[in-house]
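Student: Could you take one part of this model and walk me through it closely? I would like to see how its pieces fit against each other.

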Amino acid sequence: MDTTTRRRVCRHLARARRHGAEGRYAEAEGDLRAALRLARTAAVSAEAAEAASALGILLEALGRPSEAEEVLLFAVHLYERAYGPDDPRLTPPLSALGAVRQRRGDLAGAERLYARVVGIATGTVPRPARRTVAHGGPTCLRTRTGFPCMCGWRDGGAVRRGPGAHSFG
């Protein structure tokens, strides 16, 4: 991602944080969607992961679980590709995804996600059975956003970092 695009993405993220703090959630959603659109120009970027995570958490808080689930799955995928499957930055989108699943009544799915969050926080990460689709991989025709759908899951091939590669604190 070039420097100009990165600056524009960071500006949208900052504006979204400000709007969220002021309770102007529609404006925050618009800025997060704009940041995600810009950040998706790079194959895998930390900014795209941050924008997707914040948007998914906002959508979950606004009571739009189906949209939130798609965006949060995409955020988890981006974080896994950028930082590995056991990075602490995965905990917010995983927790929000657990809340979405819990709200839908999928308690077993929510429990698996919450266990993964606890595993990341304590350093005893249970290995996930599946990953989201690789960036640019096949998407479900039923999705409106172009994000990977759950029916298109396959091994994302995230690179596992060696022990001690992450610091938590």
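Tutor: Two residues are in contact, or touch, when heavy atoms lie within 4.5 Å. With that in hand, let us start at Y79, which touches A49, E50, S53, G84, R89, L90 and P93, leaving aside residues up to four places away in sequence. The model is a predicted one, in which local features need pLDDT of at least 70 and side-chain atom pairs count only at pLDDT 80 or more, while totals for chains, interfaces and linings use all residues. Residues are numbered from 1 along each chain as its sequence is written, and side-chain values use heavy atoms, with hydrogens and water left out.

Y79 sits in helix α4 (helices are DSSP runs of H or I with at least four residues, strands are runs of E with at least two, and both are numbered from the N terminus). Its relative accessibility is 9%, so Y79 counts as buried (buried means under 20% relative accessible area, exposed over 50%, and partly exposed in between, with a 1.4 Å probe and protein chains only). One of the residues it touches is A49. Y79 and A49 are 30 residues apart along the chain, yet 5.7 Å separates their C-alpha atoms.

E80 also belongs to α4. At 3% relative accessibility, E80 counts as buried too. The C-alpha atoms of E80 and L90 are 7.5 Å apart in space, and the two residues are ten apart in sequence.

Now step back for a moment to the whole chain. There are six helices and zero strands, which gives the pattern α-α-α-α-α-α along the sequence. Of the 169 residues, 45% count as buried. Among contacts between residues at least 6 apart in sequence, 59% join residues at least 24 apart.

What lies in the middle of the picture is a nonpolar core (buried Ala, Val, Leu, Ile, Met, Phe, Trp, Tyr and Cys residues joined through side-chain atoms within 4.5 Å). The largest one has 34 residues, and L36 and L94 have the most contacts inside it. At least two of its residues come from each of α1 (3–21), α2 (25–39), α3, α4 (65–83), α5 and α6. The helix we began with, α4, gives the largest share, ten residues. L94, for its part, touches V76, L113, R116, V117 and I120, again not counting residues up to four places away in sequence.

Next, look at how helices pack. Two packed helices are described by the angle between their axes and the distance between the axes. An axis is a line fitted to C-alpha atoms, for helices over the stretch in contact, and the angle between N-to-C directions runs from 0 to 180 degrees.

Helix α5 (residues 91–104) and helix α6 (residues 107–122) have axes that come within 8 Å and cross at roughly 160°. They are therefore roughly antiparallel (over 145 degrees, whereas under 35 is roughly parallel, 65 to 115 roughly perpendicular and the rest oblique). The crossing of α5 and α6 is left-handed (the near helix is turned anticlockwise from the far one by less than a right angle; clockwise would be right-handed). On the α5 side, the contact is made by T91, L94, S95, L97, G98, A99, R101 and Q102, and on the α6 side by L107, G109, A110, L113, Y114, R116, V117 and I120. By class, these are nine nonpolar, five polar and two charged residues (Ala, Val, Leu, Ile, Met, Phe, Trp, Tyr, Cys and Pro count as nonpolar, Asp, Glu, Lys and Arg as charged, and the others, Gly among them, as polar).

α5 also packs with α3 (residues 46–61), at an angle of about 30° with axes 9 Å apart. Those two helices are therefore roughly parallel, and their crossing is left-handed. S53, I57 and E60 of α3 meet P92, P93, A96, A99, V100 and R103 of α5. That contact has six nonpolar, one polar and two charged residues. S53 and P93 are also among the residues that Y79 touches.

On to the pairing of α3 with α1, where the axes come within 11 Å and cross at roughly 25°. These helices are therefore roughly parallel as well, with a left-handed crossing. R6, V9, C10, L13 and R17 in α1 meet E47, E50 and A51 in α3, a set with four nonpolar, no polar and four charged residues. E50 brings us back to our starting point, since Y79 touches E50 too.
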